[in-house]
Amino acid sequence: MSELQAIASTLSPDIIAVNETWIDLNGRHLPTEVSIKVYVLHNLDKSSHSNRGGGSLIYIKEKLQPQIKTKRATEKSEILHLNIQPHPGQTIKIVLVYRNPTYTAIENDEFYDCLDNILSTPHETLIMGDFNLPHINWTTRQSQAPGSKLIGLMNTNSLLQYVDEPIRGNKILDLVMTTTDLSINGLEVTGKIGDHQMIDFSLDVQDPNTRTRHKQVLDYKQANFELMKEELDSCNYEVLMSNKNAEERYMILKDKIATATIPNNYRSISLSV
């Protein structure tokens with residue numbers, strides 16, 4: 001718990017997700033023992049009689065307005081699904097999973113059916129967690145069973161997978177996936193928590209209320225100041241400015257000098273709508 005609190009205080013990530021926590025809020029631990037200021041905690045205890053507790057948890061900053069949608073725990077799997085709202089009118093699904101490596105074929109089908117159901121709604125989606133599928137070739141995106149079931153889910157739902165470094169020993173067990181309308185930046189495999197490496201990354205979340213347009217502006221860095229001086233020296237100001245107010249005089253100088261000596265370029269600007 002102290003490691004998670006240190007991460008929250010030093011890195012201040014918007015989301016912290018952990019598998020195999022051993023936290024048991026139904027008996028061994030109090031909510032106050034695992035709470036972190038400014039974060040909302042959603043915990044899924046493993047459906048097990050083991051005295052080691054278990055389960056998965058997600059800390060999400062309050063500003064993202066997390067709403068729990070799916071909590072599914074069996075003896076061999078956990079799926080914790082929340083929706084967040086990074087911007088008004090925008091919903092992103094955050095899904096944390098744990099899959100036991102000893103799954104039967106029937107259990108595997110039920111696990112992926114649940115994920116497929118979550119993916120059926122039209123929102124950007126992040127799926128992460130310990131899938132325990134070390135034999136998938138992520139270069140070719142091919143695998144024998146049981147990994148082939150995940151590859152099928154990814155192909156059906158157009159999911160991208162970003163982790164290409166070992167997480168435990170020489171195995172890629174923890175995965176980070178998104179739908180194609182959501183992308184990952186700066187993914188790094190870093191220090192350990194427990195027996196797994198941490199994965200640190202940023203979600204590239206675009207504000208749907210902001211649009212980009214191109215605006216023509218004067219490029220002063222590219223101005224021809226010698227030509228500008230010549231233009232200024234050649235002007236007959238008595239004639240040009242006679243009987244003109246300040247606004248009219250400004251427009252004359254702009255039209256005759258600035259637009260002749262300073263090129264126009266286009267740049268992108270963001271507008272809130």
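1. Let's start with a residue in the interior: Phe-111 is buried, and its relative accessible area is 0%. Please keep in mind that this is a predicted model. Phe-131 also counts as buried, because its relative accessibility is 0% and the cut-off for buried is under 20%.

2. Which rings pair with Phe-111? One partner is Tyr-112, in an edge-to-face arrangement with 5.0 Å centre to centre and 80° between the planes. Both Phe-111 and Tyr-112 are buried. Phe-131 is another partner, again edge-to-face, with the centres 6.2 Å apart and 80° between the planes. That second pair links distant parts of the chain, with Phe-111 in helix α3 and Phe-131 in the loop between β7 and α4, 20 residues apart.

3. Stepping back to the aromatic residues as a group, the count is four aromatic pairs. Ring pairs join Tyr-103, Phe-111, Tyr-112 and Phe-131 into a cluster.

4. Now for the six-stranded sheet, which is open, has mixed pairing and follows the order β4-β5-β6-β7-β9-β8. The edges are held by β4 (67–73) and β8 (159–161); each has a single partner strand, so one side of each is left without a neighbour in the sheet. On average, neighbouring strands here are turned by 15° against each other, direction ignored. Within this sheet, β6 (residues 92–99) and β7 (residues 124–130) run parallel and are joined by seven bridges. If you want a spot to look at, Lys-93 stands opposite Thr-125 in β7.

5. Helix α3 (residues 105–119) packs on that sheet and touches β4, β5 (77–84), β6, β7, β8 and β9 (174–179), with its direction at about 175° to that of β6. Helix α4 (residues 147–157) lies across β8 and β9 and runs at about 125° to β8.

6. Next come the charged contacts; there are four salt bridges in the structure. Where do Arg-72 and Glu-110 lie? In one of these bridges, the closest N and O atoms of Arg-72 and Glu-110 are 3.9 Å apart. Arg-72 lies in strand β4 and Glu-110 in helix α3, so the pair ties together parts that are 38 residues apart in sequence. Arg-72 is buried at 18% relative accessible area, whereas Glu-110 is partly exposed at 42%.

7. Helix α3 also supplies Glu-107, whose partner Lys-76 lies in the loop between β4 and β5; the pair therefore ties together parts 31 residues apart in sequence. Their closest N and O atoms are 3.6 Å apart. Both residues are partly exposed, Lys-76 at 23% relative accessibility and Glu-107 at 25%.

8. A further salt bridge joins the side chains of Lys-63 and Asp-14 at 3.5 Å, N to O. Because Lys-63 lies in the loop between β3 and β4 and Asp-14 in the loop between α1 (2–10) and β1, the pair ties together parts that are 49 residues apart in sequence. Is each residue buried or exposed? Lys-63 is exposed, with 56% relative accessible area, while Asp-14 is partly exposed, with 35%.

9. Finally, have a look at the three-stranded sheet, which is open and antiparallel, in the order β1-β3-β2. Strands β1 (15–18) and β2 (39–44) are at its edges with a single partner strand each, so one side of each is left without a neighbour in the sheet. Its neighbouring strands are turned by 10° against each other on average, direction ignored. Six bridges pair β2 with β3 (residues 56–61) in the antiparallel sense, and Leu-41 has Tyr-59 in β3 as its bridge partner.

Key: Residues are numbered from 1 along each chain as its sequence is written. This is a predicted model: local features need pLDDT of at least 70, side-chain atom pairs count only at pLDDT 80 or more; totals for chains, interfaces and linings use all residues. Side-chain values use heavy atoms; hydrogens and water are left out. Two strands pair if DSSP finds at least two bridges between them. Helices (H or I, at least four residues) and strands (E, at least two) are DSSP runs, numbered from the N terminus. Axes are lines fitted to C-alpha atoms, for helices over the stretch in contact, and angles run from 0 to 180 degrees between N-to-C directions. Contact means heavy atoms within 4.5 Å. Rings of Phe, Tyr and Trp (its six-membered ring) pair if their centres lie within 6.5 Å; planes under 30 degrees apart count as stacked, over 60 as edge-to-face and the rest as tilted. Buried means under 20% relative accessible area, exposed over 50%, partly exposed in between (1.4 Å probe, protein chains only).
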